[in-house]
Amino acid sequence: MTTTPDIEMHQLPRDMRRGERTIHLRHLAANDGNALLDFGRRQPNEDLLFQERDITNVADIGDWIHETEAGRVRSVVAEENGDIIGYTTIERGRLRWTRHVAEIRVMVDVSARRLGLGHVLLGLAFESALSDDVAKIIAQMTPDQVGARMIFERLGFVEDAVLTRHVASSDGELHDLVVMRFDTNQRLVCEECGQPVLTLIPMQGKQLCWACYEILDHELGAG
C-alpha cells in the first residue's frame, strides 16, 4: 500500500504531484469567486445535494468567501491550471452548546477523483479541526454518495444518524441525509512528536507521522 504524506495547514501553499499532474493546494482567496462558480457548475447534481451552500449561486459563493475572510470558516482549495478542482471547509458550531463540534466538508471535481486528493483535503481539515481541540468532527452526505462515505469510513468515521427525507433536490425530490462522526479521543498520535494525524507509519518499533518518518529515514540513510 502506498502511504500518502500528511500535509498540514502551516505548509500551504504547496504543490502535490499525482502522476503527470501538479495540484496546487492553498487557502481560499477573495478573488476565487468565478473559479468556485465554474467548479460548482461542473459537478453532478447528486453531489451538490449535501452542500450547505449552493456553490452554483453567485450570492452563496460571495457569502462563503466573506465568512472565510472573517475567520468564521477555514477553506482550502486545490487548483490545477487555474481551475479549482477540489476544496475543504472547516466550521465550528456557532452556538454555545455546539462549540465542541467541528463540521468538515470535502468535495473533489469529477475529473480529479481516484487521485487521493479527497484524502489529502480531508487530512488538512482533520488537522485543522484538531488544532481547535474539538471533541467531535462531523460530516454529512446522502446515502447515494458511496465514494465520499468510503473515504470517511477508511479514516475512522462512523455513522451517527440518518435524517430521513431531510434534503430536497432542485426537482423537489426528498432524500435522506447521513451524518457521520469522528470522536477525537480515538485519533492517532505520532509517538515521536505527539502530533495527531490520520495515518501512522511503523518504523524502528514506533508509529510515526510522515514528517518524523522522513527525518528518521534520512538519518538512517545518512548513517
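Q: Is glutamate 46 buried, partly exposed or exposed, and what is its relative accessible area?
A: In this predicted model, the relative accessible area of glutamate 46 falls between the 20% below which a residue is buried and the 50% above which a residue is exposed. Glutamate 46 is therefore partly exposed, at 46%.

Q: Which residues form a negative surface patch with Glu46?
A: Glu46 belongs to helix α2, which covers residues 45-48. The negative surface patch that includes Glu46 is completed by Asp144, Asp171 and Glu173.

Q: How many residues apart in sequence are the parts tied together by the pair of glutamate 79 and arginine 26?
A: The side chains of glutamate 79 and arginine 26 meet in a salt bridge, with N to O at 3.2 Å, and both residues are buried. Because glutamate 79 lies in strand β3 (residues 74-80) and arginine 26 in strand β2 (residues 21-27), the parts that the pair ties together are 53 residues apart.

Q: Why are glutamate 153 and arginine 149 separated by about one helical turn?
A: The side chains of glutamate 153 and arginine 149 meet in a salt bridge of 2.9 Å, N to O. Glutamate 153 is partly exposed at 39% relative accessibility, and arginine 149 is partly exposed at 22%. The separation is about one helical turn because both residues lie in helix α5 (residues 146-154), where their spacing is 4 residues.

Q: Which residues are joined into one network by salt bridges that share partners?
A: Arginine 181 forms a salt bridge with aspartate 183, whose closest N and O atoms are 3.0 Å apart. Through shared partners, salt bridges join these two residues into one network with Lys136 and Asp160, so that the members are, by the salt-bridge criterion, Lys136, Asp160, Arg181 and Asp183.

Definitions and conventions:
Residues numbered from 1 in each chain as written. Predicted model: local features only at pLDDT ≥ 70, side-chain atom pairs only at ≥ 80, totals over all residues. Heavy atoms only, no water. Patch = residues over 30% accessible without salt bridge, like charges linked within 9 Å, V, L, I, M, F, W, Y side chains within 5 Å. Areas by Shrake-Rupley, 256 points an atom, 1.4 Å probe, with all protein chains shown as cover. Salt bridge = Lys/Arg side-chain N within 4 Å of Asp/Glu carboxyl O. Lys, Arg positive; Asp, Glu negative; His and termini not counted. Charge placed at Lys NZ, Arg CZ, Asp CG, Glu CD. Helix = DSSP H or I, 4+ residues; strand = E, 2+ residues; numbered from the N terminus. Buried < 20%, exposed > 50% of the residue type's maximum accessible area, 1.4 Å probe, protein only.
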